[in-house]
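Please open the model in your viewer and keep the sequence beside it, then follow the stops below in order.

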Amino acid sequence: MINGNKEKIPAFPHHKAYIYRSKQFFSARGIVTHLTMGNFLTLKELYKGYKNKCSIPRVLLVDPTSDCNLRCKGCWSQDYESGYNISYEKFDDILNQAEKLGIMDCLMTGGEPLLRKDDILKLCKKHNRMTFGAFTNATLIDEGFADEMAKLGNLNVFISIEGTKEETDFRRGSGVYDKAIEAMDILRSRDIGFAFSACYHSKNYETIASDEFLDHMRKKGAWFGWLFQYIPVGNNADTSLVCTAEQRAYVQEKVRDYCIKHDYVIIDFWNNGHLSFGCIGAGVGFAHINAKGDVEPCAFCHYSDSNIYEVSLAEALRSEFFTAFRNAQPFSQNPLRPCPLIDNPQSIIDVVKAGGAKSTHLANPESAEDLARKSYDRAKEWEKLSDDLFKKMPEHNRKNFPLFLKYSVFKKGITDGRRKKV
């Protein structure tokens, strides 16, 4: 069911198959359901992980460029040194390595990935056994690009939007909202299953979680949605935009109820830990390569001990930092506190130190201590409130999470070549 209508999902690697598999992942009601989804995709990852002695991520995130055509308030992209790009040839090599490891989904972040849209189209055509997605501000989506997307079939986009026109233009600049809505209309007219991508913060959280906004996104044709909390990454991050514990809880409950009511998929990146084994960074669920080639646990965690120009993707997934990161997972027994960056800030200090990682924040390096310092107070507020929320969760969520954790420990023991007590 997509936006109230039954839709036929084309066979993988069509981009709509990625959406369907995401729905399967975030609606798995038990270990058996999880293991058998997507033609036994999870079991295949286990086998590939055992064979390569590293945890194989479901999704590889790559920044084709560090550049962006916008200057959004609070975005770390403006802290980056401009001009870093992963060449077509290197990107092609990374995808070849990913396919050999069994990674079949590549999502592109940035920077603005569509600054490289010609190369992206060529790569999607060449690697036509993979699905691709791009987190984009949508200002570069036009009729011609959408036509090429429709021909390919294995590329979709996740359009950034901040709520209303006023709220979007507040962070992204005048006229950006209108361009995003225009892009949605172009994509919907070609039956492309795109998503909306919203960053919620202290000034727009009520809008993002409202029925009116979510109804509007579905009406415009969004097959699903991504929600990201504002994270104060970078030396110049505006900490006033960080949500309070009460604001975060408001979003968590409202969005959960909306998804149940409408059978809709919204991936709330920090509030869906109970559906995804907690944190799934460092290869457990995804890994990130920035435009300089640094291999990071996720797109928000700007620390690394390996670079794709110096080691293979498999070696990066086996690196000391990634192994230390995985050893520390889960960072909490409460799945609503999954993240080492904002929920358990001491953890990011510990794993960076244990793994010998360095800041990859390019022009403005930020120590793990400096990043954690901005999150201690909010993390303490969230700890008590999230414990109360977890107790109110449906019984199957509360019972399944400990089982998921046992499976996660078993998986890490298999793929990292270590004997672990389950």
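**A pocket, then some charged pairs**

Begin by selecting helix H10, which gives five residues to the lining of the second largest pocket, the largest share of that lining. The model is a predicted one.

With H10 (245-262) still shown, add strand E7 (266-268) and helix H16 (395-415), since each of these three elements supplies at least two residues of the lining of the second largest pocket. Next, mark Phe-26, Ser-27, Cys-259, Ile-260 and Leu-275, which lie nearest the centre of this pocket among the 23 residues that line it. The volume of the second largest pocket is about 610 Å³. If you colour its lining by class, you should find eleven nonpolar, seven polar and five charged residues.

Leave the pocket now and turn to the charged side chains. Side chains of opposite charge can pair when their charged atoms come close. Across the whole structure, a search finds 27 salt bridges, and the remaining stops visit some of them.

Select Arg-190 and Asp-147, whose side chains meet in a salt bridge with an N to O distance of 2.6 Å. Which parts does this pair tie together? Arg-190 sits in the loop between helix H7 (176-188) and strand E5 (195-200), while Asp-147 belongs to helix H5 (residues 143-152), so the bridge ties together parts that are 43 residues apart in sequence. Arg-190 counts as partly exposed, at 22% relative accessibility, and Asp-147 also counts as partly exposed, at 33%.

Stay on helix H5 and select Lys-151 together with Glu-148, which lie three residues apart in that helix, about one turn. They form a salt bridge in which the closest N and O atoms are 3.5 Å apart. Is Lys-151 buried or exposed? Lys-151 is exposed, with a relative accessible area of 64%, whereas Glu-148 counts as partly exposed at 33% relative accessibility.

Move on to helix H6 (residues 165-172), where Lys-165 and Asp-169 are four residues apart, again about one turn of the helix. Their salt bridge has its closest N and O atoms 3.9 Å apart. Lys-165 is partly exposed, with a relative accessible area of 32%, but Asp-169, at 15% relative accessibility, counts as buried, because buried means under 20%.

For the last stop, select Arg-116, Asp-119 and Lys-122 together, and look at how these three residues are linked in a network of salt bridges.

Methods. Residues numbered from 1 in each chain as written. Predicted model: local features only at pLDDT ≥ 70, side-chain atom pairs only at ≥ 80, totals over all residues. Heavy atoms only, no water. 1 Å grid on protein atoms, 1.4 Å probe; cavity = no way out; pocket = protein on both sides within 12 Å on 5 of 7 lines; lining within 4 Å. Points joined across faces, edges and corners; volume = space filled by probe spheres on them. Nonpolar A, V, L, I, M, F, W, Y, C, P; charged D, E, K, R; others polar. Salt bridge = Lys/Arg side-chain N within 4 Å of Asp/Glu carboxyl O. Buried < 20%, exposed > 50% of the residue type's maximum accessible area, 1.4 Å probe, protein only.
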